[in-house]
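Me: I'm new to this one. Could you take me through the open pockets, slowly and with the terms spelled out?

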Amino acid sequence: MRDTGDDQDIDLEAAEALAAGRHHDPFAVLGPHRAGAAGRLTAIDPGADRLEVRGASGAVFVLERIAGPVFSGPVSAAIGDRSESYVLHGTGADGAEWDHDDAFRFGPVLTDFDEYLLGEGAHHRLWEALGAHRMRHEGSDGTHFAVWAPNARRVSVVGDMNGWDGRRHPMRRRGATGVSEIFLPGVGEGAAYKYEILGRDGRVVQKADPVGFGAEHPTATASVVRDIRGYGWDDDGWMETRAARNSRDAPISVYEVHLGSWRRRHDEGGRPLSYREHAEELVGYARDMGFTHLELMPVSEFPFDGSWGYQPVGLYAPTIRFGPPHEFRDLVQAAHGAGLGVILDWVPGHFPTDAHGLGRFDGTALYEHADPREGFHRDWNTLIYNYGRREVANFLVANALYWLDEYHVDGLRVDAVASMLYRDYSRPEGDWVPNVHGGRENLEAIALMQRMNTLVYGEHDGILTVAEESTSYPAVSGPAHAGGLGFGYKWNMGWMNDTLDYIARAPEYRKYHHHQVTNTISWAFSENFVLPVSHDEVVHGKGSMLEKMPGDEWQKFANLRAYYGYMWSHPGKKLLFMGCEFGQPAEWNHDRELDWEAAALPRHSGVRDLVRDLNALYRATPALHVKDCEAEGFAWVDHGDADLSVLSFLRLGREGDAPVLVVCNFTPVPREGYRLGVPRGGHWREVLNTDAARYGGSGMGQPGGRNAVAAPSHGRDHTLEITLPPLAVVMFSPG
């Protein structure tokens with residue numbers, strides 16, 4: 001305990017500083033302290049006309065008003081050295097009375113080791129030190145708050161518990177770490193709070209908790225105390241097998257979902273489904289469709305619905321829009337129980353400028369760069385993290401670990417990696433700052449991603465990370481120790497751009513662009529690729545996937561089915577945005593649910609049946625997935641038939657796995673007697689035909705299969721003669 005050495009009143013200047021909310025070390029004055037042989041207690045209570053200290057022994061001590069709401073006076077030595085508990089009893093000018101526990105009688109919670117790790121930027125479980133934690137401390141139940149704000153003159157917790165008055169609960173500084181903490185007795189689950197910060201610039205701001213576990217419903221902006229302990233996970237079976245499910249030789253087919261617009265409750269004002277409702281309906285649907293993973297667009301708390309979560313302010317809080325944290329865990333557990341992995345979109349590239357967010361958090365550019373040439377995103381009007389600051393890097397890396405550890409998610413898809421890699425990303429000459437070598441690469445962001453991937457793969461067996469990266473940066477999915485970024489997979493944006501441009505062309509012009517569906521193989525094995533047809537392709541005037549297709553209605557559906565057949569047979573893991581699986585008629589609108597009425601119509605349900613069957617075939621056929629990321633898993637049969645817009649290739653598995661012959665006809669003209677070389681004779685059965693009548697096609701093809709004859713063709717000893725349906729992909733396998 002602090003010993004003042006005498007029993008004099010506290011310094012008037014200190015009392016006035018406390019009353020004004022500008023004292024730099026409030027715990028040195030507030031609370032009980034030894035004062036010679038007795039004790040002295042100082043407290044703040046803006047509502048009190050009279051303030052007493054009532055000890056557990058029954059003794060009562062009246063405190064004197066010193067300055068404004070600051071009261072102080074002598075107490076017993078037992079109270080002064082905190083060996084006797086007490087309460088503060090206030091009486092208002094109107095005669096109202098109240099008791100409250102004194103937050104300044106409690107010692108610190110953070111340990112010296114916490115302080116060391118925080119200072120080093122090496123606290124991998126940052127969320128266990130910072131944020132708001134329900135706990136029992138020194139015999140009382142309450143909540144411990146801790147926040148990093150090194151340049152603040154004063155940090156206080158404010159909320160309903162203290163009338164949002166920053167003078168009431170100023171926090172204790174912890175050495176040189178820049179962290180402030182306080183334990184507030186009696187504060188429990190669901191309490192709304194913010195940090196009130198007197199910045200170095202002299203301004204007072206109220207900020208949401210950067211490591212808060214919950215938030216108010218937008219448009220309200222406070223953090224909310226959430227106890228995330230004690231969830232009864234029951235997914236051991238899944239966790240033991242997920243390494244095999246996420247590996248390069250596994251079938252990975254991802255259903256990308258925006259939780260706010262997948263389905264809505266029209267009988268309840270059109271609200272989105274809750275996490276628990278998604279746990280039943282979305283999980284059941286994705287399992288029925290044969291997908292292996294759900295990818296959820298960002299669930300970290302965000303202020304503006306129209307950002308879809310890509311401008312988060314609460315990286316540690318699952319958005320309250322669909323329920324509290326445990327209910328998000330219910331969704332993850334339900335997915336695991338259904339055999340589905342869960343991938344979260346993760347956004348470490350930028351954050352919004354909202355006043356309650358991270359921008360100028362303590363009155364300085366703390367999380368962001370001060371120089372707008374480094375710290376401001378022109379494209380999105382957002383702020384860019386200062387990756388070179390160790391505490392900021394720790395904040396982000398720990399957040400990646402947090403979602404994997406606390407919520408059992410199986411992977412992270414990292415948003416906008418290209419914007420992180422380059423200092424001149426989307427910037428004109430003269431509007432960016434070169435790195436220390438004079439180059440354009442963001443060396444600090446590169447180090448962050450390498451560190452993040454090394455840690456998450458090292459600490460969580462079987463997870464995966466995926467980079468949304470659109471440049472030719474080398475070895476995105478190469479190991480970090482060899483100079484790569486360390487991701488498990490990379491989105492194949494080149495494949496997506498080329499093939500969508502090709503399929504949107506009228507068939508008669510496709511022969512002039514044949515390279516767009518053949519050249520993709522030239523880089524298909526340079527990384528571990530995911531083939532993405534994501535939300536970005538069906539918004540902002542781009543139209544739905546169905547709208548992109550040329551021709552009359554029949555041809556639009558046929559083109560779409562053929563495109564999916566080509567996508568599922570092309571090397572690479574698969575990703576499809578919600579609604580695309582049934583040919584959503586109009587482009588996606590985040591304010592409305594998918595067009596489930598259209599999904600029930602015959603041609604739309606035909607597309608959905610095809611996607612379901614493609615997933616089933618992909619998962620059941622080793623040749624279609626075990627070498628998705630290896631050149632040995634692919635061989636051309638004929639890629640030069642540009643005039644007919646036909647291409648054919650073999651997908652190959654391990655030794656003993658039956659090959660799959662894939663033939664794509666991207667014109668509406670059927671081809672009878674089309675001859676192709678195959679690696680073996682005997683019967684080849686038709687395992688999938690996107691023109692089948694059950695999918696809404698013409699029904700042309702060879703459901704009974706064909707026999708390969710011993711005649712050389714395309715450099716192989718046997719020939720298969722088939723009928724090519726119009727605007728269709730057909731697949732064959734021997735047997």
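Reply: Here is a look at the pockets, starting with the largest.

First, some ground rules: this is a predicted model, where local features need pLDDT of at least 70, side-chain atom pairs count only at pLDDT 80 or more, and totals for chains, interfaces and linings use all residues. Residues are numbered from 1 along each chain as its sequence is written, and side-chain values use heavy atoms, with hydrogens and water left out.

The largest pocket has a volume of about 620 Å³. On a 1 Å grid over the protein atoms alone, a pocket is an open set of points where a 1.4 Å probe fits, with protein on both sides within 12 Å along at least five of seven lines; lining residues have an atom within 4 Å of a point. Grid points are joined across faces, edges and corners, and the volume is the space filled by probe spheres set on the points.

So who sits around that pocket? Its lining has 26 residues, with Trp380, Asp415, Glu468, His535 and Asp536 nearest the centre. Two elements, α9 and α11 (493-503), each give two or more residues, and α11 has the largest share, with three. Helices here are DSSP runs (H or I, at least four residues) and strands are too (E, at least two), numbered from the N terminus. By type, the lining splits into nine nonpolar, nine polar and eight charged residues; Ala, Val, Leu, Ile, Met, Phe, Trp, Tyr, Cys and Pro count as nonpolar, Asp, Glu, Lys and Arg as charged, and the others, Gly among them, as polar.

The second largest pocket holds about 270 Å³ of space. Of its 17 lining residues, Trp127, Glu128, His133, Arg134 and Arg229 are closest to the centre. Strand β8 (residues 131-137) gives the most to this lining, four residues.
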